[in-house]
Amino acid sequence: MELEKASARLAPRSPWQAVDLGTKLYRQWAAPVLWVWLAFTLVPFGLLLGWSLLAETLWPLFLFWWLKPLWERPLLAWYSHALFAETLTLKQLFQRWRHYALPGLASQLTWRRFSPARSFNTCVWQLEGAKGEQLSQRLRALNSYPSNRAGIMTIVVLHLEQFMAMGLMVLLYTLVPWQFSLEWSDWFYDQGALQMAIASATLYLVMCVTEPLYVACGFALYLNKRTWLEGWDLQLGLTRLARHRATRSGATVLMLLALMLPLPEPATAQPAPRNEEQQQVIELLASPDYMPFEERTERQWKDRDEDSSSWLEEFWKHFFDNLDDDEQPESSSRPFDIPDAVLWILFWALFAGLVIWLLTKVMNQLGLGSQRRDHSPVIPTHVAGMDIRRHSLPKNLRQAVENALAANDIRLALSLMLRSALASLLRRYPVALAAGSTEQQCLRSLKASHGEPLPILYLQRLIQAWISTAWAHRPVDADAVRSLLTHWEQIRAEEAADA
């Protein structure tokens with residue numbers, strides 16, 4: 001490795017400054033690394049996506065995600081050569097694939113797949129080629145204190161990838177014309193081929209940005225750690241100094257040689273005991289007694305306007321100030337002087353309780369919580385924002401519908417019919433519904449639990465007419481509404497006769 005050819009300044013940095021260097025490397029070489037990523041992943045992704053759509057399963061796409069450490073190897077190889085003024089072509093990357101992609105790959109695809117420091121440790125396997133005990137020693141040395149923050153950087157990039165994918169999905173959804181009458185739930189509950197293909201393509205497009213960025217930041221953290229441990233900046237400085245001295249004029253060198261030739265025999269050196277005494281003095285002065293070395297990590301609050309401080313800021317300031325106090329006084333006049341251990345226990349207990357509460361709420365919303373004792377679903381009072389309680393429904397449905405049709409209010413007429421139908425069907429065919437369920441989610445739940453009897457098929461026709469009128473702004477005519485109402489009355493009459 002010729003450090004003099006590095007296109008970036010190799011100097012000791014903080015971990016986040018090193019990550020910033022990685023982002024600059026990515027921005028400088030965004031186009032070529034994108035081509036490298038596409039050359040190695042586009043064909044495998046296309047094949048696995050086709051397999052996934054034909055087999056109607058997500059396992060092939062999960063396999064592509066699991067092989068991320070393999071797809072990152074060509075990117076790191078390109079970065080490591082480009083930094084030192086050597087640009088690899090795609091042909092060279094394919095030819096050298098076996099040499100840079102296989103070292104340490106088996107462990108990264110198995111027990112080290114979920115290592116948060118993957119981007120950092122990959123550099124040790126791929127660039128240094130260490131094995132066995134030497135590899136273990138290098139990993140311990142490079143991951144020693146202070147932390148390189150590779151794990152936190154992985155979490156940040158992971159969240160960035162998810163947020164970008166969701167944002168792109170939302171953008172695509174907002175661009176779909178309203179005439180298609182699509183609901184946001186369709187993209188999550190209807191796992192059709194179209195939804196799977198769009199979601200997978202969206203995630204792949206986001207990975208075209210996040211994966212080269214992730215590899216560049218991990219490579220920058222690796223360079224920064226080696227600069228701290230091996231003094232690369234000092235080595236470069238000494239090399240430049242030696243080169244500067246070597247360029248001095250030859251006349252000066254000849255003059256010095258001429259002055260040295262007539263010198264007499266050199267005098268005897270200082271006695272050995274004096275050198276030993278000097279060494280002892282140097283060691284004594286360098287000992288911890290005379291030159292103590294101490295590392296300390298402390299928090300400092302940013303300067304803020306005192307007038308705008310709130311009670312929450314005062315609470316957290318008092319909380320973290322207590323955590324920074326290494327020595328607690330035996331007695332204190334402050335009324336809230338709580339030991340650090342108690343503060344940490346309270347903090348993590350509150351945090352764990354909040355997480356458990358949120359998980360319980362989400363599981364109950366998704367219907368994954370514990371079953372109720374009576375095992376009978378609770379009939380909701382509202383579906384898609386419509387009140388289906390009995391006292392809110394008209395006593396004479398036909399008269400209410402005819403009044404709405406006389407006022408040329410097709411939406412109101414269908415709303416009355418839909419509310420009445422949902423109230424009747426959910427009592428006859430009880431089903432568990434999450435809060436905020438839409439009409440289509442209600443219909444899907446009824447079909448999944450009770451099949452497709454005649455009342456549920458009627459509800460499907462009624463919902464289609466409602467969506468066309470309320471959401472697509474293509475109202476059905478009054479005759480179609482009366483036909484639906486007559487059909488509903490026939491169904492009610494058959495139910496009453498069977499009872």
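**Close-up views of helix packing and salt bridges**

**View 1. Arg398 and Glu402 in helix α18.** Arg398 has a relative accessible area of 28%, so this residue counts as partly exposed (buried is under 20%, exposed over 50%, partly exposed in between; 1.4 Å probe, protein chains only). Glu402 is partly exposed too, at 26%. This is a predicted model, in which local features need pLDDT of at least 70 and side-chain atom pairs pLDDT 80 or more, while totals for chains, interfaces and linings use all residues. Residues are numbered from 1 along each chain as its sequence is written, and side-chain values use heavy atoms, leaving out hydrogens and water. Both residues sit in α18 (residues 397–406), four residues apart, about one turn of the helix; helices are DSSP runs of H or I, at least four residues, numbered from the N terminus. Their side chains form a salt bridge at 3.6 Å, N to O (a Lys or Arg side-chain nitrogen within 4 Å of an Asp or Glu carboxyl oxygen). Shared partners link Arg398, Glu402, Asp479, Arg482 and Glu489 into one salt-bridge network.

**View 2. Lys24 and Asp20 in helix α1.** Here a salt bridge joins the two side chains at 3.8 Å, N to O. Lys24 and Asp20 lie four residues apart in α1 (residues 15–28), about one turn of the helix. Lys24 is partly exposed at 45% relative accessibility, and Asp20 is partly exposed at 36%.

**View 3. Glu133 and Arg140.** The closest N and O atoms of this salt bridge are 3.5 Å apart. Arg140 is exposed, with a relative accessible area of 53%. By the salt-bridge rule, the count comes to twelve.

Notes. Helices (H or I, at least four residues) and strands (E, at least two) are DSSP runs, numbered from the N terminus.
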